[in-house]
Amino acid sequence: MGSEAVRPLDSAGGLSTQEARRRLAQTGPNRLRPGRRESILRIFLEEIREPMILLLLATGILYSVWGELTDAGTIFAVILTLVAVEVVNGQRAGHAIAALAKLSEPTATVLRDGRTVAIPAEEVVPGDVVVLVAGQRIPADARLIEAHGFAVDESTLTGESVPVERSALPESSPDDAGRRNGVFAGTMVTRGHGLAVVVSTGERTELGRIAQLTRGVKPPRTPLQLAMRELSRYLVFVALGSSVLVPLLGFAIAGEPLKEMVLVGLSLAFATIPEEMPIIITMVLGLGAFRLSKRRAIVRRLRAVETLGAITLIATDKTGTLTENEMRVVGLSPSDFGRRILEIGVLASDIVAGRSRDPLEEALVQAATGAGIDVGALIAANPVRDEFPFDDERKLMTVVREREHDLRIVTKGAPETVLARCSSRRSVRGERPLDAERRSAVLQEAARMAAEGHRVLAFAEKVAETGSAVDLGSELVFTGLAALADPPRAGAAAAIAACRRAGIRPIMITGDHPETAMAIASQVGLDDGGRMLTGRDLDVMSGDDLRAAVAGVTVFARTTPADKLRIVEAARSLGNVVAVTGDGVNDAPALAAADIGIAMGETGTDVAREAADIVLADDDFTAIVHAVEEGRVLFANLRKGVRYYLACKVALVSAVLVPVLIGVPVPFAPVQIILMELFMDLAASATFAAEPPEPGLMRLPPRDPRLPFMDREMLAGILVPAAGLSAAVLTSYLATWYSDPSSARTAAFVAWLLGHFFMALNLRAEREPLHRVGIVANRLMLAWGAAAVAFVAVAVLVPSVHHALRTVSLSPSQWALAVGTAFAGTFWMEVWRSIRPARS
Ligand code: ATP
């Protein structure tokens, strides 16, 4: 199909929107996997097969055989509710994840109706003309029709990671294509830029053929998910042990009927096996990732979500993260050559359709236009012959322009690198040699401009004969300097201060001039002590020196991506949990080496995005701090949810164990145990995930990720509330038992249902008393609590349900006892938290 599709090509204007739409309908979207939708029925069937549900089903069937049909009815109603909730939860998580995937979907730049537009890569069709630049993933199989210094990394296809050059050869025969001018979907542009016509998309690409083989790889579990599985595996045995022990003792000591005890055992197993633990963490992580996306941070790897709260050091770029990345030329030196400087600036830029994608180059174009230069005409009169794009190692860019009789070589870049390639300078009296004195004068001028926080560019050029072997790298004529203002972002200083308060050390790693770096650093409050190191300083440092430097220095300037990698590694070896930002192709190693790699969504390359764990939609440093806060909230909520969940299980086991040990019947009927489990599950998996941050969360030091999840504090946090809840239930039960045995179970049931709601409220806060975290701040939990209270009221006050729920009416004093013990057994924690001096 390829050749037919390529024929009606207008490489100047690309396809028309209409034609593109027609082709999209014909070929289908440009993606590998046809989107598989999880149907409700499918999730339902999956849920039904869960071991817990099977256990419940077995109990229900035994009930139908031995007991009464109403009990079986209740159990099947519980099963349906549980499955429905899980299906809704599953859908919710699924939607959240689909929404995330949408946000991080790749885009492609194509020519449509004669203009360049960015579209989702999925909408690329055969015949589209795509614009390819370094750092991009190629969206479809295509043939180059224009290429400048173009090289691709085809390791995704061939396994060979050495970049291969590609050029735009005349199309001899369509069948011969795909050799020297062919580029393939999924491979990466490592250098240069070009235009290519799409030949095939989606499953019909080379990658599509390979992808058929490697489908369905699931993302690896995060460390916390693994830890939770481990823990719940261990707890399963505890739960099973007590589910056997309690009925045995009930039978042997309290002399209860065997059948009833088998049912108690089964329902206890159902209620105590901690099957929700892995689900709680997945819910919390998934919802956390979704909340992060609302704060403009898109999570690519779930494990990053749990690491966020533990970050101790953030190594950030300057341009775009701390600054606006909206540049403006504010000075030209020497001003006599202002026009010429701007002309070189425009000619040494990568301009498509009168615009540049690089804000710095765009600023030059704007300034040139402002100075009366007709940029379009200038470009048209000097077509590109060759281009050596900017890269952050060399820090300069050279373009060879073709004129009628000769070649014009133009360069722009960091002053010291440009000067190193110049042998003469432009002066009012023509070209003059560039002596040492002049060089240092120029560098001083550059430093002066930089000290005002401006980015500084130097410009040079030379003319050569057409066809001569030109040496691009030397003997240039230095022309002048430009200063570009890029003001700090409004929120940057506040975000830096917030980092410090939260015990996180921010450092700046920039490719810019040391003076520019220091000036911006001091504007955003980053310059503690004023120490600064440059890439050159780092070059001569040993590993130990570097570690010492990283421990004390806040600003690193004129660095290369390789320096960045070394700094990240040194910081990690000092025990830091490091987040690092990056945008270029060469930043990928540092992003991958960090605990959390953060790529720029706006200016970042696909390469950086793919190496990163998190992508910042608008490049803003403030979003990193928000993300850290979100990470801390979610970790705290996870602890709260697990603490509550396990406290319920411990309380339940002890509340049934103590009576049988002293020869009193089990305090709950099996049906009641099943209903209790339904309530506690709902609270644990859903309501704690919705808990807002506690005040002062960003004033605490970062969590130490080496500490185990189930530490002493956590264990105490489970056992103490559990003891309170079970004491409440036991008091209510036993006191009623000795006075009026027929009401005892109901008294226990009421004390439990209210008590476990009160306990949930208490466990919402880790450090602060409830009135300070806001009683109504978690509406989901209040709604759940209201449901529990309503259920209690119906269960006791409505006689028609008494039989099904094994409840009876309570006297006012029995009510008072049940409510009172539930309250006292849980709210003492609140009193204690209020009077105890606050821990920091
Ligand atoms: P960071 O985002 O980490 O702050 P940076 O963007 O400041 O990094 P680079 O992009 O590596 O750092 O730029 C370093 C220097 O290279 C700049 O100070 C400038 O002199 C020069 N430079 C930047 N962009 C271009 C460009 N498009 N063409 C030529 N020179 C450039």
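The exercises below, each with a worked solution, concern a predicted model of one protein chain with a ligand.

**Exercise 1. Describe the overall make-up of the chain, and state how many helices and strands the chain has.**

Begin with the secondary structure, which amounts to 31 helices and 25 strands. Next take the extent of the C-alpha trace, which spans about 115 × 65 × 45 Å along its principal axes. Then turn to burial: of the 840 residues in the chain, 53% are buried, while the chain as a whole exposes about 35600 Å², with carbon and sulfur atoms supplying 59% of that area. Finally, consider the contacts between residues at least 6 apart in sequence, of which 72% join residues at least 24 apart.

**Exercise 2. Decide over which residues pLDDT stays under 50, and set this beside the average for the chain.**

The chain averages a pLDDT of 85, and 90% of the residues score at least 70. Against that background, the residues to single out are 1-10, over which pLDDT stays under 50. For residues 1-10 the model has 18 contacts beyond four places in sequence. Where pLDDT is low, the predicted coordinates should not be read in detail.

**Exercise 3. Characterise the surroundings of the ligand, working from the shell of residues to individual polar contacts.**

First, establish the shell: 21 residues surround the ligand, and the closest are Asp358, Arg455, Val456, Thr510 and Asp512. Sorted by character, the shell residues comprise 7 nonpolar, 4 polar and 10 charged.

Second, examine the individual atom pairs. A polar side-chain atom of Lys412 lies 3.0 Å from a nitrogen atom of the ligand, and a polar side-chain atom of Glu361 lies 3.4 Å from a ligand nitrogen atom. For Lys318, by contrast, it is a backbone N or O atom that lies 3.1 Å from an oxygen atom of the ligand.

Third, assess how far the ligand is covered: taken alone the ligand exposes 620 Å², and the protein buries 91% of that.

Fourth, assign the shell to elements. Those giving two or more residues are helix H13 (359-370), strand E15 (406-413) and strand E18 (455-465), and the largest share, 3 residues, comes from E18.

**Exercise 4. Locate Arg166 and determine whether Arg166 counts as buried or exposed.**

Arg166 is found in the loop between strand E5 (164-165) and strand E6 (182-183). Its relative accessibility is 14%, and because burial requires a value under 20%, Arg166 counts as buried. To complete the picture, follow the side chain of Arg166, which reaches the backbone oxygen of Gly182 at 2.8 Å.

Methods:
Residues are numbered from 1 along each chain as its sequence is written. This is a predicted model: local features need pLDDT of at least 70, side-chain atom pairs count only at pLDDT 80 or more; totals for chains, interfaces and linings use all residues. Side-chain values use heavy atoms; hydrogens and water are left out. A residue is near a molecule or strand if one of its heavy atoms lies within 4 Å of it. A polar contact is a pair of N or O atoms within 3.5 Å; within protein, one must be able to donate a hydrogen and the other to accept it, and residues adjacent in sequence count only if both atoms are side-chain atoms. Accessible areas come from the Shrake-Rupley method with a 1.4 Å probe; for residues, only the protein chains shown count as cover. Helices (H or I, at least four residues) and strands (E, at least two) are DSSP runs, numbered from the N terminus. Ala, Val, Leu, Ile, Met, Phe, Trp, Tyr, Cys and Pro count as nonpolar, Asp, Glu, Lys and Arg as charged, and the others, Gly among them, as polar. pLDDT is the predictor's confidence in each residue, from 0 to 100. Contact means heavy atoms within 4.5 Å. Buried means under 20% relative accessible area, exposed over 50%, partly exposed in between (1.4 Å probe, protein chains only).
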